[in-house]
Structure formats: C-alpha cells, structure tokens
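Work through the exercises below with the sequence and the model at hand. Each task is followed by a solution in steps.

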Amino acid sequence: MIELSPKDLEQLDSKGISKEKVVNQIQTFKEGIPFVQLSQAAVVGNGILRFSEKEQLDLLQYFEDNRKELELLKFVPASGAASRMFKAMFNFLDSYDPSKEKLSEYIERTGDKDAKKFTENLSDFPFYDLIMSRIKRKASNKDEEAYLFVKEMLAEDGLNYGFYPKGLLPFHEYDTGTATPFEEHLKEAALYAKTKGRANLHFTVSEQHDEMFAKEEALVGPKISKLTDTIFKVSYSNQKPSTDTIAVDMENQPFKNSDGTILFRPGGHGALIENLNDQNADIIFIKNIDNVVVDKNLETVANSKKMLAGVLKKVQDKAFSYAKLLEKDDVSIEKSDEIKAFLERDLNVRMPKNYDDFSVDEQKKVLKDRINRPIRVCGMVKNEGEPGGGPFWIKDGQGNISLQIIESAQIDMDNKEQAAIVQNATHFNPVDLVCGVRNHKGEKFNLLEFVDTKQGFITGKTKEGKELKALELPGLWNGGMAFWNTIFVEVPLVTFNPVKTVNDLLKPTHQA
C-alpha cells in the first residue's frame, strides 16, 4: 500500500495532482505496460488512402470552398530544447584540443563522423556569417577556426545555442537574412490556416523560453504579417505541472529527492493533450516546430495540408448528418446499415465482434458511440529509413481492432510475428495531423475522454546515482488519440523535414 505523508499530499496539491492519479500511476508501474498487439501493418489499400492528382485537387478545392465558414488553428508543439540537436558537437568540444592535434588526426582517431560533416560544411550553416564575424582573427589556422566556431555556437558566453528552444534557432538563410522555425510556421499558417485575413497559431513552449518567443514574435510578426497580408493571432501555453508523472524506486515506492520531496518528471509530449484540449476550432492543424521548409517548397506543403483538411471536412459533413439522424432516433434498419458501412469504409471503424447479434437498439447505441468522436486525418510518408511512429492495425485486450500510430518502443521486437509485421510497414507518421474536435452541434469534445491510458511507456533512469522508474504518458498522437476516428493519407516526402541534429540543416530541403 502506498503511504503518503501530509507533506507529500501538500506537494501533490501544489502541482494540482490528485492522490487518486498518483495511486493509479503507481499501479501502472506494478502491473507494467504490455506491448501493443499489432494485427497488421496499415498499407495503401488497407488503412492508408492514396489519391490521384485530380482527387487531391478536388479535396483541396472542397476545403477552399468551405474555408470562409471555418475557424482554423495551427497547433505547434514547440517546447523542445536544442540541447539534443547539438549533442555531437558538445562531445566534440569536450574531446578535441586544436593545440594538441590536427582536426584530421582527431577525426581519424575517433571516427567522429558528425564533427567531420559539420566542420567540412561550415559555410552552409545559416549562422555561418554571424559566428565568423564574432570569431574573426582569433584563430591562427583552419583547425582552430573550426574549434572556435563550435565553441562560439555553444558556449554560455557565446551564442549559447544549446540552451535555445529549437523553434528560435536560425534554420534557413535567405538573401534577406536568416529565418527561425517560428517565422517559417507563420508563413505556412498564412497559406492554409487563414480565414478572413486572420491566422490563429498556438505554440506549446517551455516556461523558461516564454520571453524568448514573445521577443521573436514582436520581431518577425509584423514583417511576415506585411509580407503575407495576414493578421496573426498567436497564443502560447506551457506543459501543465498537473501532467507531471511520479517516479518510483525499484520497489515501486515514490522516489524521494534528497530534500524528502517526491520526484515528479514531465510526462512527455502526451501531456500536451491537455493543452490541445484547451483549444477550440473547427479544424486544428498539428505539426512539430522543427518540421519546416524553405520558401520554394512552401506551396507544395500548404497544398498537402489543404488536401488533408478537405478529406476531414468531407468525411465530417457526412458523419455530422448521420449523427443528427441517430440523435433524432429517426433511423430505419437500412439507414443503420448505411451508417455502419460509412463508419467502416470512411472512418476505419471496426465493430465489436458480436455486433450482428445485438438488438436494433444496442446496434444504434454502438453507432452513436462510434460516430460521436473526434476525427484525425494523418499524413503518412513512404518509409525512407527515417525513425518515426508507424501506421498499424492493432488488437486490444478485448479483441477489438483499430487503426493507430505506434512507436517502436511499444512493440515487442523479440516476438518474431510482431517483428515481421513491422517489416511489412511501408509508411511512417511525420506528425502531420488535421483534427476535427467538435461534434455535429458545434460543441467541443472533451479530448481527455479519448485517451488510452494503457499506452504509456515505463523507462529506467538514474538520479543521484540511484535507479528509478519513470512513466511517460501515452504519446499525443499515439495513445493520446487512441479512441479518435482515424484516417491515414499518403502525403509527399517533402512535407517531412525534421531537424533532429544540427547536420540535418545541411539537407537540400533546408538550403535556400
């Protein structure tokens, strides 16, 4: 049994976490989280839609025709710090001393491929001119220059880029100057998230970066506003302290810090379902902060987004008309069959195994439940060996089949059958979602009711030399949206350009 002292309860209270929540999380640690059961990979023709060029244009047009009546929002998870992006370069600073060996000798000795690529392409980085202007005439040779360049980029008394949020780093270089992902997201929003001259954006940021984002908005907002003839309404939120999860020791007891307080950790991007739930719009576009393109690819990306929004709007219009009929209870048996066929064909809903044995009223109840759910249309790109969650049909404990985005950590790769299903996967999820979060009456769904809490992750960590177990909440687009109605659509590869390491900025899609 878990014992919580008055001091512990006070701590929970200050974070807005209920005792019940903590007890449930500890229970999860005790039971463990089972791997998901993959049924088969979702592929084109079975779970993934592929549209012809004409169909894409029709869908895009459908969105454009309806756009004026819609409230649109672009939701951007942007709390990632850039420290991971520069991990290899921090290592380089620690390991290389230009006064003791040549750069070529260091690379030969360590096989440091990241440092080799970075130092060979210095002038292709968008911050090249800025850093060179700060270190000029300090280096006596090329090797020392490369070292000082990295030092200036990362040192606290230099540009301190490792501390920055990813969204505020210079990513692209144009003739007019450099652009951050924040700025690129504004340009994108003007193309597909604008109605009546206004575009709404919401960024989820880390508290320590609040001020930096406000500054960047004040700096680039007016410029992009003028350039795109758009009024931007930008809002921000932080991950809520109440979404932090408890850490436990190896005996599944609350892990205590040296000052006697319980250790809580951020719950991962799944915590953002709360932030998303606070937003309200007809259509919400979701895209990660580091997935941006240079201007020449903007139109292709925007058209892909509009096409996905067209898919959503079209299917939603139909779902809403059926939901209204079901609510009036004005549904013949033929109509029930029609609604069931629509749910299965257009929304990938799978009925309970014994659905046919249900009474007419029970069947209508199931149809009502299945049709009254948020809808997500997710872009899927062909797998080119990039990491990322994949689209699969999965089977839950009750034998129900559903379409989900699953991360590799959720799959038992030691199970030959499961590993074989993964091998058959052709696409992955670039975090490219278009969401409908309102019902047929225009009321917003409570998104917290559609989370599969059993799809989190337990990971091993250490603190002050002691082992502990940490709990990550179900990912925002994984278990966080498990009980939504789901449509997967193939989108072009150019829509996926994340920057996971600084060297990704050298890829052609980030070179203007």
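## Exercise 1: Salt bridges between distant parts

Glu-188 and Lys-287 form a salt bridge, their closest N and O atoms being 2.6 Å apart. The model is a predicted one, in which local features need pLDDT of at least 70 and side-chain atom pairs count only at pLDDT 80 or more, while totals for chains, interfaces and linings use all residues. Residues are numbered from 1 along each chain as its sequence is written, and side-chain values use heavy atoms, with hydrogens and water left out.

Task: find which elements hold Glu-188 and Lys-287, then treat Asp-432 with Lys-305 and Glu-327 with Lys-441 in the same manner.

Solution.

Step 1. Apply the criterion: a salt bridge is a side-chain nitrogen of Lys or Arg within 4 Å of a carboxyl oxygen of Asp or Glu. In general, side chains of opposite charge can pair when their charged atoms come close. A search of the whole structure finds 32 salt bridges.

Step 2. Locate the pair. Glu-188 lies in helix H9 (residues 181–192) and Lys-287 in strand S12 (residues 283–287), so the salt bridge ties together parts that are 99 residues apart in sequence. Helices (H or I, at least four residues) and strands (E, at least two) are DSSP runs, numbered from the N terminus.

Step 3. Check the burial. Both Glu-188 and Lys-287 are buried; buried means under 20% relative accessible area, exposed over 50%, and partly exposed in between (1.4 Å probe, protein chains only).

Step 4. Take the next pair. Asp-432 forms a salt bridge with Lys-305, with 2.9 Å between the closest N and O atoms. Asp-432 belongs to strand S17 (residues 432–436) and Lys-305 to helix H12, so this pair ties together parts that are 127 residues apart in sequence. Asp-432 is buried, and so is Lys-305.

Step 5. Take the last pair. Glu-327 and Lys-441 meet through their side chains in a salt bridge of 2.8 Å, N to O. Because Glu-327 lies in helix H12 and Lys-441 in the loop between S17 and strand S18 (457–463), parts that are 114 residues apart in sequence are tied together. Glu-327 counts as partly exposed at 41% relative accessibility, and Lys-441 counts as partly exposed at 46%.

Step 6. Look for shared partners. Glu-64, Arg-67 and Lys-306 are joined into one network by salt bridges that share partners.

## Exercise 2: Cysteines

Task: state how many disulfides the structure holds, and why Cys-435 has no bond to Cys-378.

Solution.

Step 1. A disulfide is a pair of cysteine sulfur atoms within 2.5 Å. The structure holds zero disulfides.

Step 2. Cys-378 is in no disulfide, and the nearest cysteine sulfur, that of Cys-435, is 7.1 Å away. Seen from Cys-435, the closest cysteine sulfur is in Cys-378, and 7.1 Å is too far for a bond.

Step 3. Cys-378 counts as buried at 0% relative accessibility. Cys-435 also has 0% and counts as buried.

## Exercise 3: Positive phi

Task: for Asp-229 and Glu-464, give the sign of phi, then the place and the exposure.

Solution.

Step 1. Most residues other than glycine have a negative phi.

Step 2. Asp-229 has a positive phi, near 55°. Asp-229 is placed in the loop between helix H10 (210–228) and strand S9 (231–237). With a relative accessible area of 64%, Asp-229 is exposed.

Step 3. Glu-464 is not a glycine, yet its phi is positive, about 50°. Glu-464 sits in the loop between S18 and strand S19 (466–472). Its relative accessible area is 51%, so Glu-464 is exposed.

## Exercise 4: Two loop residues

Task: is Phe-127 buried or exposed, and is Gly-397 buried or exposed?

Solution.

Step 1. Phe-127 lies in the loop between helix H6 (113–120) and helix H7 (128–135). At 2% relative accessibility, it counts as buried. Phe-127 is 50 residues from Gly-177 in sequence and 9.9 Å from it in space, C-alpha to C-alpha.

Step 2. Gly-397 lies in the loop between strand S14 (390–395) and strand S15 (401–406). Its relative accessibility of 79% makes Gly-397 count as exposed. Gly-397 and Val-36 are 361 residues apart in sequence, with 9.3 Å from C-alpha to C-alpha.
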